[in-house]
Amino acid sequence: MVKHTRQTGFRLAGLATLLLLSGCSRGISVRTHYDPAGTSISTSYQSFAWLTPAPGASRTEPDGLEATVRLATESALVAKGYALIPLAPHFRMGWHYTTGPTEVTALYLYYPYTWGRWFPGGGVNFSGSYRTELPAGTLLLDAVDASTNELVWRSTALLKLDDNPAIRTRQVTEAISKMIARFPRP
């Protein structure tokens with residue numbers, strides 16, 4: 001017979017919490033790309049806004065995903081010290097979630113911005129020979145310089161969104177938290 005004490009109960013509760021938290025982050029792989037020698041995000045950027053989709057552009061995503069992405073991104077950037085200013089920001093944020101394999105160049109048709117000079121084939125016109133495909137389940141966040149309209153930072157997280165809206169919200173919030181943790185401070 002196992003004797004349970006209050007201390008054993010606390011240990012089991014702590015272990016259960018640890019397992020639950022580690023289970024949430026399992027499966028979220030985050031990658032970030034930016035040019036540390038390029039436009040200095042940390043010293044020149046203080047404020048952000050959201051990119052505006054190109055006229056007639058459309059995409060499909062699970063219900064409620066846009067609101068969740070925006071809220072999580074705004075909260076994470078404000079916590080880092082950036083101000084959300086819709087008019088005349090220093091940079092603009094864009095996002096995508098791929099439900100199937102997606103070629104990256106197709107994303108530039110939704111938000112009309114250009115590759116940063118440091119991306120392969122970058123600059124104002126990207127090389128048609130440079131192709132990269134994002135797998136299904138990729139959440140992508142882009143930061144675009146507001147004055148040059150060039151991509152200056154990109155982060156991707158690979159995750160399979162749950163059908164349950166509450167779990168999906170936690171997944172997206174955790175992924176964005178990990179992504180923005182890699183964004184420089186002002």
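Me: Why are Glu 66 and Arg 70 said to be separated by about one helical turn?

Reply: This is a predicted model, and in it both residues sit in helix 3 (residues 65–80), 4 residues apart, so about one helical turn separates them.

Me: What makes Glu 66 and Arg 70 a salt bridge?

Reply: The cut-off is 4 Å between a side-chain nitrogen of Lys or Arg and a carboxyl oxygen of Asp or Glu. Their closest N and O atoms are 3.1 Å apart, so the pair counts. The structure holds 3 salt bridges.

Me: Why is Glu 174 called buried, and what is Lys 178 called?

Reply: Buried means under 20% relative accessible area, and exposed means over 50%. Glu 174 has 19%, so Glu 174 is buried. Lys 178 has 30%, which falls in between, so Lys 178 is partly exposed. These two also form a salt bridge, with the closest N and O atoms 3.8 Å apart.

Me: How do you know that the span of helix 5 agrees with what is expected?

Reply: Helix 5 (residues 165–180) has 16 residues, and at 1.5 Å a residue that should span 22 Å. The end C-alpha atoms are 22 Å apart, so the span agrees.

Me: Why does Val 144 count as buried?

Reply: Val 144 has 1% relative accessibility, and the cut-off is under 20%, so Val 144 is buried. Val 144 lies in strand 7 (residues 138–145), and touches residues including Leu 51, Phe 91 and Tyr 113.

Me: What makes Asp 142 and Arg 154 a salt bridge?

Reply: Their closest N and O atoms are 2.7 Å apart, and the cut-off is 4 Å, so the pair qualifies. The pair links distant parts of the chain, with Asp 142 in strand 7 and Arg 154 in strand 8 (residues 151–158). Both residues are buried.

Technical notes: Residues are numbered from 1 along each chain as its sequence is written. This is a predicted model: local features need pLDDT of at least 70, side-chain atom pairs count only at pLDDT 80 or more; totals for chains, interfaces and linings use all residues. Side-chain values use heavy atoms; hydrogens and water are left out. Helices (H or I, at least four residues) and strands (E, at least two) are DSSP runs, numbered from the N terminus. The expected span of a helix is 1.5 Å times one less than its number of residues. Buried means under 20% relative accessible area, exposed over 50%, partly exposed in between (1.4 Å probe, protein chains only). Contact means heavy atoms within 4.5 Å. Lists of a residue's contacts leave out its neighbours within four places in sequence.
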